[in-house]
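Please look over the sequence and the structure below before reading on. The text then goes from the whole chain to single helices, helix pairs and residues.

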Amino acid sequence: MRTIHANYAALLLALAACQNDGGAAGSETDGDATGPATSTGSSGEVDPTDGGGGCPSDMQFFETRVWAPILGTTCVGCHNFEGLAKDTRMVLWAEGEEGWLEHNFAAAREVALVDEGGVSLLLLKPTNQHPDMHKGGMVVAPDTEAYDMLVEFVARSQGTFSCTGPDGEGTVGCDGGGVRRVRRLSHVEYNRSLQAVLGAPTELGLGFAADTVVQGYTNNAGALVVSGLLADQYRDAAEKVADLIVAELPARLACDPLEAGEEVCAHEFIARFGEQVFRRPLTADEQARYQLLWKEAAAVEQFAGGIRWTIAAMLQSPGFLYRTELGEPAGDGIYQLTAHELAGELSYLIVGGPPDDELMAAAEDGSLKDLAVLRVQANRLLAGADADATLHRFVDEWLHIDRLRTVPRDATLYPELTPQIREAMLGETHRFVADVYRSGGSLTELLTANYSYMTDELAMYYGVEAGAGEPDPAGFKRVDTGATSGLLTHGGVMTTHALPTSSSPIHRGKLVRERLLCQEMPPPPPALDTSPPPVDPSLSTRDRYIQHASEATCSGCHSRIDPIGFGFEYYDAVGRTRTMDGIHAIDATGEIVLTDHTNGTFDGADELAQLLAGSPDVEACYTLQWARYAVGSDAETELQCVQDELMAAFVEAEGRLDSLVLALVGTRFFRERGGAIDDDGGEPTTDDETTTGDETTTSGGTTGAESGPMTSPGIDTQVTQDSQWKKGECNTVTVSNTTDAPIIWQVVLPLQGTIENAWNATYTLDGDLLVWSGEPQNAEVAAQGTTSFGFCILYGP
C-alpha cells in the first residue's frame, strides 16, 4: 500500500486553490505552456532524484504535495482545454495522458514564476489578493499550511528554496510527541464533568453558544476558546451548580463545622472538592487562595455562603474548564505528561468525561505512567457502557448525522418522517456501530453488513420484516436489512444527505468523497447558480442532475461527486427504499474517479460499499478522521506524528475498529509533548479549514434587533457552516417557504465580518445587518418550497 501523505492539512485547505487562476480578460492568457518539461531542481538543472536527507526533488514535491492534493483533484476540472479556466496560463492535462506530469509541472511552474509587485501569481490568485481578484474568491488563507505548500513550490521554482533551514540543521521532523497546550473542555465534556461533580444528570452545558466546528468535529483544541458570551454562560451555570450543592451541603461535608470548626471544615471541603473539580490535588497556593475566598465570603454570608462562592469560583477556573497537556521536562526538549494529565487525556478520549475513582487512584500512586497499566486502564474504560456515548458522538460528527433531527423535509410529501422516527434512526445507527465495535468488527463490516437494529415501528417505516428475539430496553432488535451496504444506507445517513423534497446525488456523493475518501470539495465560484435542478416530472432525478452538471462551470466538481451519489438512487429523501423514481426506472450505476486506489464502476449502493470497503484510501481516510477526533487537531505537524503509527496498527488489525484506540494510547505521541507551549497562552487558534459544521435556524420576522429590515414572514432559514479557517468561513443558507403561496423572499442575517464572495443571491448592508435577496432564477420560492444561497466572509474589519 502506498504511504499516506502527511500533508493532509494542505489537502483539506487547498483543494480549491486553483479553482480558477484566471483574472480579468487578458491578464493571464498570454504565454500558455505547451509541450512537456523535464524535472528540474531549484537551480533549474535536471534533478529527478530525491534531494537527500529526506528532501524530495522539485518534481517529487510537485507530484505529492501540489498535484496529488490540489491540482489533480480539483484544479484540473476547470484548468483543462474545455474548462472554465481554459484561457489561463495553467491548462492541465488529465492524469494518465502521456507526459501529463511533466506538462503539468511546467504549467504550474510558469504561473509560479510570474511576479506581480514582488509576489508570485500562484500566491496572489488563490488568496484573492490580485488586483484583478480571483473568480473563485479566497480559497487559500495566507496563514494556512496549504499556503505554505504553495510558498515552497514558488521558492523551488524561483531557485530560492533549500532543504536546509537557516541554522543548517535541516527541516524539523516529528519528535514523537504531541503539542504542549492547555485545551478547553468541549461542551459535551463540560457537561459530563458537571454530572460527575453533581452525581446526577444535567444539561446545563448543552445550551451554551455552539462550539466551533473544525473538519466536522466540535472538539478541536485550537478552536475551543472562550467568548464573552460563553464566559457569562459559564458564570451562570457555576452559580446554579453551587446552589444545588449548597442545598445538600450537610451530605457533602465530611465534618461538622460546629464540632471541627468552620475554618477546618472549609479547608477539608476545599481540598476534597478541589481535587474532584480539577482532576488532581490542589497546590498549596490554590488551597490558600480558595481558603481566603471562603473566609471573606463567609464573613458576609456565613459558612454556607462562603462555600457557595468557593464552588462557583472553582467551576469558573481554568483548573476545571481546561485540560492541561504540558508535562514535565524529560530532557532533549521532551515533556512527559504527569500521571494526572494522562488520566484526564485517557478518560476524555474514551468516555468523554473526567477520570473515575480507579483511574484517579492509578494517577495518585503514579502507576498510570507505566505503559502496561495505561493499557489496562484503557481496556477497562473501553469495556464500560460510557464508552458508547463517545463512539456515537464520533460517528454522528464523522457522517454529519448530528443534523438528522433538524434537516428540513416536506411534511406534505413525507408525513411519516416524525420526530420519533428520526430518533429511532439515530438509535439504529448508534446500536449498529456499537455492536460492530464491541464485537471486534472491522471497517469492512461497518460498510457492508447485511443487518442493523430497529424498533418494530422503524422496521415498518422501512418496509422490512421486524426483528426476532427480545428487544433491548428501548425496543430495538437485530434485523436482516436485505442489503449489504451497512452504515452507508442507514435511514439517518440517507435522510440527512438529501433535499427537502427529493434525493440528492450531490449531497450523497459529497459525503463519500469528503468523509470516506478525505477529498474536500471547494465552495462554488461566486455568482454561480447553485440551486438544485428544478423538478421536472418528465425527467428522472439522475437525468436532471446529469443535465445540470454538464455545464463547464459545474462539471469539474460534479464529475467527482454526482456519479458516486447516483449509486444511492434506490433510497428516497427520507431513507426508504424505492423501486421507481416517480414514473422513471432507477439507474443506480456510478463511478469513482480520481483516487489512488478506489477508482471503479458500480451498480447500486451494495456494489459501491464493496468498492469502498476494500480500498486503502478509505482505510487511510477513516484513520485520519478518527485521529482528528481523538487528538482534537487538524494541524499537519501534529497529526503526522501519529498518523503512520495508527495506520500501521489499523492494517495489522485488519481494520478492527477498536484497534485505533489502543494503538493511540501506546504511542509516544499520547504520553509525551515536545517544544514550547502553543501560542496565545494555551488557547491556540486553528490554522485549518473546517467542513460542514454548525447549523442555526431562524424564522421569518426575526433579525435580533428591535427594528429595521426583517426576514420575510413565512420564510425559515437554516445557516450551515460549510468551512472555516483562521480568518474566515463559508456558509450555505437554506431558505424554506412554510406557507401555501409563493414568496419573493428576503433574508436578514447579522454581519460577522467582510463578505469575500457570495453566490445565488445578492445583498445590501444595513448597519450591522446583511439583507439578502435572490437572483432572477431563485428570487421567488414556491409554496412549501426551498432554495439556497451561500457566502464566504473574512473576520475582522
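What follows is a walk through this structure, starting with the chain as a whole.

The model is predicted. The chain contains 28 helices and 23 strands. It has 797 residues, and 56% of them count as buried. Contacts between residues at least 6 apart in sequence can also be sorted by how far along the chain the partners lie; 68% of these contacts join residues at least 24 apart.

Helix 3 is a first example of a single element. Helix 3 covers residues 100–113, which is 14 residues. From its first C-alpha to its last, helix 3 reaches 20 Å, close to the 20 Å expected at 1.5 Å a residue. Helix 3 is also mostly covered, with 10 of its 14 residues buried. Among the buried residues are W100, L101, F105 and V111, and also H103 and N104.

Next come two pairs of helices. The axes of helix 6 and helix 7 (residues 228–247) come within 11 Å and cross at roughly 15 degrees. Angles under 35 degrees count as roughly parallel, and helix 6 and helix 7 are therefore roughly parallel to each other. Their crossing is right-handed. On the side of helix 6, the contact is made by H187, Y190, L194, V197 and L198. On the side of helix 7, the residues are L230, Y234, A237, V241, L244 and I245. By class, this contact of helix 6 with helix 7 has 10 nonpolar residues, one polar residue and no charged ones.

The second pair is helix 16 (residues 386–398) and helix 25 (residues 616–631), whose axes come within 11 Å and cross at roughly 120 degrees. That angle makes helix 16 oblique to helix 25. Here, too, the crossing is right-handed. Helix 16 contributes T390, R393, F394, E397 and W398, which meet Y622, Q625, W626 and Y629 in helix 25. The residues of this contact divide into five nonpolar, two polar and two charged.

The remaining paragraphs deal with single residues. L185 sits in the loop between strand 3 (178–184) and helix 6 (187–198). Is L185 buried or exposed? Buried means under 20% relative accessible area, so L185, at 0% relative accessibility, counts as buried. Leaving aside neighbours within four places in sequence, L185 is in contact with ten residues that include Y190, Y234, R279 and Y348. Two of these partners, Y190 in helix 6 and Y234 in helix 7, also take part in the contact of those two helices. The C-alpha atoms of L185 and A221 are separated by 8.5 Å, although the two residues are 36 apart along the chain.

R279, one of the contacts of L185, lies in the loop between helix 10 (262–278) and helix 11 (284–314). Its phi is near 65 degrees, a positive value in a residue other than glycine. R279 counts as buried, at 8% relative accessibility. E654 is not a glycine either, and has a positive phi of about 55 degrees. The place of E654 is in the loop between helix 26 (636–652) and helix 27 (659–665). Unlike R279, which is buried, E654 counts as exposed, at 68% relative accessibility.

The last residue is H430, found in helix 17 (residues 419–438). H430 has a relative accessible area of 15% and is buried. Leaving aside neighbours within four places in sequence, H430 is in contact with H392 and D396.

Methods
Residues are numbered from 1 along each chain as its sequence is written. This is a predicted model: local features need pLDDT of at least 70, side-chain atom pairs count only at pLDDT 80 or more; totals for chains, interfaces and linings use all residues. Side-chain values use heavy atoms; hydrogens and water are left out. Axes are lines fitted to C-alpha atoms, for helices over the stretch in contact, and angles run from 0 to 180 degrees between N-to-C directions. Helices (H or I, at least four residues) and strands (E, at least two) are DSSP runs, numbered from the N terminus. Angles under 35 degrees count as roughly parallel, over 145 as roughly antiparallel, 65 to 115 as roughly perpendicular and the rest as oblique. A crossing is left-handed if the near helix is turned anticlockwise from the far one by less than a right angle, and right-handed if clockwise. Contact means heavy atoms within 4.5 Å. Ala, Val, Leu, Ile, Met, Phe, Trp, Tyr, Cys and Pro count as nonpolar, Asp, Glu, Lys and Arg as charged, and the others, Gly among them, as polar. The expected span of a helix is 1.5 Å times one less than its number of residues. Buried means under 20% relative accessible area, exposed over 50%, partly exposed in between (1.4 Å probe, protein chains only).
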